Amino acid sequence: MRYTQISGHIPAIYRPIPSQESELVTLPRQEAIMSYLSQIPHHAFTEFVKDILTIIEGHTLVNITDGSGDEKQDLLTIDSKGNKCLIQCKHTSDNRSRYNGDELDLVFAATIRKNCKRAIFVTNGDLTTQAKRYINDQEYLRGWPKKSPRLEIDYINNYRIWEKISSSSEILNKWFGGLGQTHGLRTFRFEISIFLLPFKAEQNQHILENLIRHLIDKALIHENTEEKTYEGRLGDEIEFKISHSLQFERNIDINYFSPDKDPNYSSPPLSALAIAVTVLNDKPFDVNLIRKNIIVQLLRNNLPVIPKGNWWHILTGRSTTFVFLHDLSQAKLISLDTAQTFVSDLGEIYSEKEYCSLEGEGFESGKEEESEGMLIHAESGCSLIPYYTQEIGLEDEYNTKGVKYAQFSALKSYIFKVAKNLNTHSIQLAANTLPQSWFAFFRNNELVVCYSKEEKKSDITLVKQKLSDLKIELLTVKQSEKNKILTQIDLYKTNYITTHRIDQLRYPVDLKERMFWIAKDFKFEKKAEIQFISELFAYKYRYECQWGRCDTLEKNYSYPELTNLLFQPSTMRAQRSLDINIWNNPIWVVMRFYEQETSSSREIATAAIKEFEIIFEHIQSIITKNAI
């Protein structure tokens with residue numbers, strides 16, 4: 001028997017597991033509250049939901065029918081509009097649990113039986129995407145008589161619970177007053193590290209020392225030689241002391257990837273300034289606001305002017321303080337907030353998350369069923385998704401490889417087809433034709449296509465017909481050849497990942513690696529003719545060439561080839577990529593902007609939308625002209 005020995009080195013990263021005492025905070029955090037709710041009994045959760053509805057939502061309680069045989073009815077209320085409401089409370093000990101549409105079907109049936117106009121499904125966990133779609137799309141009303149009064153079903157998950165109670169002092173005090181609230185807290189401290197990005201080691205030396213000298217010269221701080229600190233004030237009621245320090249990973253509780261560390265090894269401590277804050281009055285105060293105001297006072301217009309294409313990145317660790325727990329006769333170091341990052345642009349200081357986000361005034365969240373992360377620009381009606389490319393860390397690399405292995409395992413049961421003797425152009429046309437549920441990858445001059453055995457025959461026939469129009473034929477792959485292909489699938493290291501979710505950002509965000517997807521549609525009733533298809537493609541090609549497209553094209557294309565060339569969403573051909581989908585009605589116009597600018601996402605997106613509107617109107621004019 002032969003053995004192969006494999007050895008390797010895996011760098012260790014140690015993260016402290018917070019103790020129960022570390023959950024003590026001056027105001028309860030969302031994580032602590034969700035953890036607490038998962039531990040209370042079901043009847044207490046029902047009482048908690050009742051308080052949310054009556055205190056915050058303005059409901060009037062009619063009855064509580066918790067327990068077995070309740071027909072999924074835990075609460076019966078009258079809402080602020082006088083509607084009779086059925087409330088289903090679903091408590092879970094794991095707040096990561098997700099409930100599916102089966103639960104909602106039962107709620108819908110009970111709502112009809114109890115003659116209610118509304119139903120609300122409440123859980124300290126969450127719902128699956130399909131369950132949310134069931135509610136948001138009102139799928140429960142399919143087949144409902146048009147003239148009959150419509151029922152309304154809504155949900156409150158763990159995120160919405162926090163949204164509702166976070167500003168309600170009455171509920172916070174009643175339900176979470178025992179989560180370690182303390183009085184007399186007047187001091188806390190945090191660390192701050194500063195980097196010039198994109199990171200180069202030689203440009204990031206002596207930044208903190210030079211900053212201290214500059215602040216002393218401007219009389220914003222003064223040196224205390226005895227204590228070896230630098231002292232300053234924020235208004236009349238807050239004073240602070242600055243000292244040179246180090247910032248450790250344990251104090252960075254956000255998704256952070258140090259700019260100056262080798263991705264293969266755990267990072268050393270970061271050079272930092274420790275800022276010890278004392279509040280001189282006895283009034284309640286906001287730790288996070290004080291921290292931000294000190295940073296703005298110290299850094300606004302006080303960091304050196306830098307070349308275009310660079311930016312300042314500021315990392316602040318958690319604010320911490322000591323409290324004495326009388327029952328334990330011990331002093332404990334506790335956290336008062338989370339780590340936060342900032343960026344400096346033209347002297348101003350901004351929260352990095354807000355600087356990169358588009359949510360807020362002028363942009364609204366799109367419907368969940370359209371696309372997760374999609375925003376709607378209120379003024380133009382354009383759909384928009386920002387994409388962020390970021391370096392992958394050890395944990396992400398491990399998860400990504402796990403996903404690849406899962407896909408690899410699934411592919412073993414898929415049907416394999418292959419299209420041979422294709423050039424690069426034909427391969428791209430074929431790949432753009434395939435549905436999202438199909439896999440495709442290149443192998444020499446072949447396109448290997450994989451689809452599930454569960455795929456509908458009608459869908460398979462449609463795809464084959466589209467490929468046939470492109471003069472591409474799919475051939476069956478023998479099992480022996482399939483096994484050979486599976487051994488060649490790439491499972492190697494991934495250096496970068498792309499996300500459109502602001503809650504998945506890894507800080508610092510590479511401001512020069514953002515891409516903005518913008519789209520808008522319009523209806524066109526006339527059949528697409530080859531003449532205006534050719535004109536559209538010529539316009540698209542000329543426009544992209546202005547922004548760096550450099551490939552050469554063949555002179556003559558068939559109608560199917562042109563329609564595929566018009567819509568190539570899987571390739572980024574230039575700094576601006578324009579795609580026009582004329583397969584369906586309405587027609588979709590899609591543009592992707594890769595700016596490589598350091599301005600805020602809002603500034604870039606607003607300018608991109610203005611440019612997109614001009615392009616969109618011109619495409620409409622080409623199509624309208626040919627329709628006459």
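Good morning. I will begin with Arg-118, which is buried, at a relative accessible area of 15%. Please keep in mind that the structure before you is a predicted model.

Which residue does Arg-118 pair with? Its salt-bridge partner is Asp-79, and the closest N and O atoms lie 3.0 Å apart. The two residues belong to distant parts of the chain, 39 residues apart. Arg-118 sits in strand 5, residues 118–123, whereas Asp-79 lies in the loop between strand 2 (75–78) and strand 3 (84–90). Asp-79 also counts as buried, because its relative accessibility of 7% falls under the 20% cut-off.

The second pair is Arg-160 with Asp-154, a salt bridge whose closest N and O atoms are 3.3 Å apart. Are these side chains buried or partly exposed? Arg-160 is partly exposed at 26% relative accessibility, and Asp-154 is likewise partly exposed, with a relative accessible area of 26%.

The third pair consists of Lys-241 and Glu-231, whose side chains form a salt bridge at 4.0 Å, N to O. This pair again links distant parts of the chain, 10 residues apart: Lys-241 belongs to strand 11 (residues 238–247) and Glu-231 to strand 10 (residues 229–234). Here the two partners fall into separate classes, because Lys-241 is partly exposed at 32%, while Glu-231 is buried at 18%.

Beyond these pairs, salt bridges with shared partners join Lys-540, Glu-544, Arg-549, Arg-573, Asp-579 and Arg-592 into one network.

How many salt bridges does the model contain? The count comes to 24. As a general remark, side chains of opposite charge can pair when their charged atoms come close. Thank you.

Terms used. Residues numbered from 1 in each chain as written. Predicted model: local features only at pLDDT ≥ 70, side-chain atom pairs only at ≥ 80, totals over all residues. Heavy atoms only, no water. Helix = DSSP H or I, 4+ residues; strand = E, 2+ residues; numbered from the N terminus. Buried < 20%, exposed > 50% of the residue type's maximum accessible area, 1.4 Å probe, protein only.
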